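Grab the model and work through these exercises with the side chains switched on. Each task comes with a solution that goes step by step.

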Amino acid sequence: MMRIVQKLKLMRQCKGWSVALLVLLGLGALAQKLPTRDEGLFQMQIRDKSLFHDSSVIPDGAEISGYLFRDTPKRYYFVVEEDNTPLSVTVTPCDAPLEWKLTLQELPEEASGEASGEPEPLDQQKQQVTVDEGTELFTYKGNDVESYVATSTPSGLYQLELLSTEKDSNFKVYATTTPESDQPYPELPYDPRVDVTALGRTTVTLAWKPTPTGFLMGQPVQYCVVINKEHNFKSMCAAEAKISTDDAFMLAPKPGRDFSPFDFAHFGFVPSDNGFGKDRGLTSNKISRAYAIKSKASDIQKVCIGNKNIFTVSELKPDTQYYFDVFAVNSATNTSTAYVGTFARTKEEARQKTVELKDGKVSDVFIKRKASKFLRFAPVSSHQRVTLFVHTCLDAVQVQVRRDGKLLLSQNVEGVRQFQLRGKPKAKYLIRLRGSRKGASTLKVLATTRPSSKQPFPSLPEDTRIKAFDKLRTCSSATVAWLGTQDRNKYCIYRKEVADNYGEEQRRREQNQCAGPETRRKSEKVLCKYFHSPNLQKAVTTETITGLEPGKTYLLDVYVVGHSGHSVKYQSKLVKTRKYC
């Protein structure tokens, strides 16, 4: 208080209160129409670092950001030059509730008279300036955006004192003596509520009335939507603090109209002569045209959507409650106003009919693209182990198995897989199968508690491709090879003539590993044979297919048949005979 009074007294010699504020704030309120000044004197003052030692002065008509340490009050000052002046002060808490108080301070006689320009001894200053609590005008405690508004105030020095008793916290302050013409914050419509117009399992559509600030006053306004699962937010800075707690401390505003040198001092930066640290790499708070911020830790999203007033939130979880807030943001000044937020619970996931599995019986399962299917296995007798066989016919399928609610297995399965699950008396098993993103899925599933040396599905090697030998290709034959296993299985090879333009998409449609040899024509069969090898390194067999026509393309398929008759098809192979021999 003493230093501020002395400094203001010194600067009033030059150009009065307006110049004093301008020097203190480092051009912080460029948008205001200020009195003319002595440019040479002003440049001399702005280079004097001692003038910026105390930066707790609020500029007229600009929002500033600040930081409070817990239980450590902070004071800001604001000058009203003339009596009967309107005054508006707005405080926005971000991280925690704040206590703030606005008082009118009495200025000493010496502060309002002419000064000699010579510094006074410190003892004399202490005798002249006495501690004065001032006249209390307004107090508030909470986390709402609150304002003090007066249509007529006396001239003098106004003190704003802020305190955070819960934790270190960010805040914003805006003060102006021209509240009617400034309108720093976007105005809310007559109905400021956010409405839920459509509700789905994973989507919620929101709508709200546009702010008059944009379409009536022509100011650049965009909307930002915040989605989270905990609660609604009363200000955008509160939402941003929740999004990134670690980075919130370093969100110092870029030098400009919403800049206070005090912010840089507390963040550890020393104001420089060439723009208060503009080369320090400090980032601006300005909002880009459209962007999204996500925070995995707090599960909160912020999406800025331009000037649209309808927005559909997607990729939500079914049967989950979400809170939605909309903020109108002045893109030029970065000031924002909160609509009245809302909340909604997404619809439950459609309950699907659960398929009952019988012990030792194969079940055919069809799953739509990206859909899920539930299977239930409830053994009638006590058991120590459950063997689960899954045979995917097309693309990979995600398999989840729970025993009495406890997750036992979660894997992606392609081809034929066998799983051994530990059993419990009277246990029930729920199997969830999730389809592929590429298309519909078909598979075969078998669950059994019966120990058996013979598996229902044949064993497969890790590589189920068919290899064609180009050097052994003739006008009427083709030689191919494929891998086997240590189990003795039956292998059948089939051929089918196809057009020369037969492509990958056609081959994929026919690549159903569950379709067995019984679906093929007898004329397409080449031969069947049994094969195995105790040594996996030597488990490979070859076969020469004869009776082919010159220059023709053929699709070759190999089926391996298990002991119970279930078969699995290897990956198809295209071969073309030589045209001239």
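**Exercise 1.** Work out whether E524 is buried or exposed, and find its salt-bridge partner.

*Solution.* Keep in mind that this is a predicted model.
- Step 1: take the accessibility of E524, which is 12% in relative terms. The cut-off for buried is under 20%, so E524 counts as buried.
- Step 2: look for the partner, which turns out to be R520. The closest N and O atoms of this pair are 2.8 Å apart.
- Step 3: check R520 in turn. Its relative accessible area is 16%, so R520 is buried.

**Exercise 2.** Which parts of the chain does the salt bridge between E356 and R376 tie together?

*Solution.*
- Step 1: confirm the pair. E356 and R376 form a salt bridge, with 3.0 Å between the closest N and O atoms.
- Step 2: place each residue. E356 sits in strand 18 (residues 355-357) and R376 in strand 20 (residues 372-377), so the bridge ties together parts that are 20 residues apart in sequence.
- Step 3: add the accessibility. E356 comes out at 45% relative accessibility, so it is partly exposed. R376 has a relative accessible area of 26% and is partly exposed.

**Exercise 3.** Start from R193 and trace which residues are linked with it in a network of salt bridges.

*Solution.*
- Step 1: recall the principle. Side chains of opposite charge can pair when their charged atoms come close.
- Step 2: find the pair. The side chains of R193 and D191 meet in a salt bridge, at 2.9 Å from N to O.
- Step 3: extend it. K209 joins D191 and R193 in a network of salt bridges.
- Step 4: set the accessibilities side by side. D191 is buried, at 11% relative accessible area, whereas R193, at 49%, is partly exposed.
- Step 5: put this in context. The structure holds 16 salt bridges.

**Exercise 4.** Which residues gather in a patch of positive charge on the surface?

*Solution.*
- Step 1: list the members, which are R369, K370, R434 and R437.
- Step 2: locate one of them. R369 falls in the loop between strand 19 (363-367) and strand 20.

**Exercise 5.** Take two loop residues, S459 and D60, and find side chains that each one contacts.

*Solution.*
- Step 1: place S459. You'll find S459 in the loop between strand 26 (441-448) and strand 27 (467-468). With 17% relative accessibility, S459 counts as buried.
- Step 2: look around S459. Its side chain has a polar contact of 3.0 Å with the side chain of T485, and one of 3.5 Å with the side chain of N489.
- Step 3: move to D60. This residue belongs to the loop between helix 3 (39-46) and strand 1 (62-68). At 14% relative accessibility, D60 is buried.
- Step 4: look around D60. Its side chain makes polar contacts with the side chains of T177, at 2.6 Å, and T176, at 3.5 Å.

**Exercise 6.** Why can helix 8 be called largely enclosed by the rest of the structure?

*Solution.*
- Step 1: count along the helix. Helix 8 (residues 236-243) has eight residues and six of them are buried, so the rest of the structure largely encloses it.
- Step 2: name the buried ones, which are M236, C237, A238, A239, A241 and I243.

Terms used: Residues numbered from 1 in each chain as written. Predicted model: local features only at pLDDT ≥ 70, side-chain atom pairs only at ≥ 80, totals over all residues. Heavy atoms only, no water. Salt bridge = Lys/Arg side-chain N within 4 Å of Asp/Glu carboxyl O. Buried < 20%, exposed > 50% of the residue type's maximum accessible area, 1.4 Å probe, protein only. Helix = DSSP H or I, 4+ residues; strand = E, 2+ residues; numbered from the N terminus. Patch = residues over 30% accessible without salt bridge, like charges linked within 9 Å, V, L, I, M, F, W, Y side chains within 5 Å. Areas by Shrake-Rupley, 256 points an atom, 1.4 Å probe, with all protein chains shown as cover. Lys, Arg positive; Asp, Glu negative; His and termini not counted. Charge placed at Lys NZ, Arg CZ, Asp CG, Glu CD. Polar contact = N/O pair within 3.5 Å; in protein donor to acceptor, adjacent residues only side chain to side chain.
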